[in-house]
Amino acid sequence: MRVTIVGAGLIGLTTALRLYRAGAEVTLLERGVVGSGAARGNAGQICPDQATPVAKSSLILSALTQLYRQDSALHVDPGTLPGYAPFLMRIARNSLPGRYARNQAGLKDIETLATHAFLDLAADIGVEVSDAGYLHVYDTAAAAQAGRAHELERMAASTLPHEVSEVVDAAGLQAIEPALRGTGFGFLDAGSYFTNPNHYVDALERELRAGGATIHEGTTVTAVTDEGDVRRVHTSRGDFAADAVVIAAGIGSAQVGAASGYRMPMRAGKGYSFTVDAQPATEHVMIFESAHVVSVPLDGATRIAGTMEFDGDTERFNARRIDQIVAGVSPYLDPDTLAVRRDEWVGSRPLTPDGLPVIDRVPGLENTWMASGHNMLGLMFAPFTAGLLVDMVIGGHSLRHRQFAASRPF
């Protein structure tokens with residue numbers, strides 16, 4: 001079977017490898033280069049207990065109260081509100097208690113499966129995954145105690161091993177992570193996983209190229225159409241014929257889907273990151289809860305990531321978002337370290353109104369599948385998503401998890 005995959009990011013690469021190993025002849029079409037988009041710039045978290053829908057009441061409240069603030073962790077450009085209004089209204093509807101509980105249950109239904117799928121594939125392709133855990137950092141002792149109680153409640157039903165410390169003060173935080181400045185309170189969740197997303201992308205690409213998969217970079221897909229028993233993928237470099245197509249182009253999937261007859265309600269939530277050389281090197285993921293910022297160790301350096309920006313331009317780099325991240329972590333990390341930044345990056349997270357991806361056949365097309373809208377969970381859910389697609393594309397099975405259906409009410 002000839003399978004063409006649109007997009008060589010986290011979902012596209014992982015799916016390509018799983019389909020290739022299942023016997024498919026795989027062609028990948030990527031608008032930029034392999035691993036562009038959000039594939040490399042994320043915080044590398046593999047933690048099911050952090051998997052919650054974006055559509056929550058706190059997001060709506062934050063959007064309304066901080067709309068015109070340039071220094072807020074969530075920023076909505078007022079000029080884009082008319083275009084974003086229908087999407088934001090859907091998010092608001094999904095933040096209502098009943099819908100939010102349903103969407104949360106949809107994620108929880110597969111979180112353990114997804115985590116084990118990632119750990120298994122990472123081990124298979126030689127990617128190191130750390131279980132050093134997450135250090136949660138707060139500005140006050142009361143906030144840390146409340147955060148710990150919430151974390152314990154959320155983990156109560158988890159089947160994965162966790163060990164949550166008591167709340168410690170600034171000296172306790174420094175004992176765990178000496179790079180911290182000596183302020184704040186927090187606790188360590190030992191057992192949560194993280195990895196270097198660059199290593200994951202590189203390993204997938206090596207496996208695919210070594211196996212003979214065809215990868216076309218600099219190729220923009222415009223639409224997919226049916227021509228009898230053949231799927232025709234229309235691109236900037238001509239048409240590609242296939243027996244089956246998987247659209248896994250991140251935020252670009254919405255445009256390809258719309259041109260192919262399926263309008264997927266998805267918008268870009270832009271995130272920013274940069275890298276610094278903390279001294280000594282950090283060893284844990286650090287979640288600066290009060291600032292809504294995360295850091296992750298990467299090859300002896302530290303990547304710091306955060307913010308959510310809605311501005312209608314997926315490519316525009318807004319330096320104020322980097323300034324906001326720096327301001328958020330300045331109480332905790334050395335200012336001289338934060339002043340020497342590199343690899344400043346912006347990428348678009350593909351957000352759906354209910355916080356769940358679409359992993360299903362594209363309505364109106366034969367043997368064309370959508371695998372997108374993973375919000376901020378693309379890295380963790382990539383192998384699980386790929387497994388579903390192998391079952392459907394190669395195995396001919398129907399979708400087993402209806403919460404990911406393309407036709408569901410958003």
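**Helix packing and salt bridges**

Helix 1 and helix 12 meet through Leu10, Ile11, Thr14, Thr15, Arg18 and Leu19 on one side and Gly378, Leu379, Ala382, Pro383, Thr385, Ala386, Gly387, Leu389, Val390, Val393 and Ile394 on the other (contact means heavy atoms within 4.5 Å; helices are DSSP runs of H or I with at least four residues, strands E runs of at least two, numbered from the N terminus). This is a predicted model, where local features need pLDDT of at least 70 and side-chain atom pairs count only at pLDDT 80 or more, while totals for chains, interfaces and linings use all residues. Residues are numbered from 1 along each chain as its sequence is written, and side-chain values use heavy atoms, with hydrogens and water left out.

**Helix pair**
- The axes of helix 1 (residues 10-21) and helix 12 (residues 378-394) come within 8 Å and cross at roughly 45° (axes are lines fitted to C-alpha atoms over the stretch in contact, with angles from 0 to 180 degrees between N-to-C directions).

**Salt bridges**
- The whole structure has 17 salt bridges (a side-chain nitrogen of Lys or Arg within 4 Å of a carboxyl oxygen of Asp or Glu).
- Glu166 pairs with Arg148, with the closest N and O atoms 3.4 Å apart.
- Glu166 is exposed at 54% relative accessibility, but Arg148 is buried at 14% (buried is under 20% relative accessible area, exposed over 50%, partly exposed in between, with a 1.4 Å probe and protein chains only).
- Arg342 and Asp277 form another salt bridge, 2.9 Å from N to O; Arg342 is partly exposed at 35%, and Asp277 is partly exposed at 40%.
- Lys270, Glu309, Asp311 and Arg316 are joined in a salt-bridge network.
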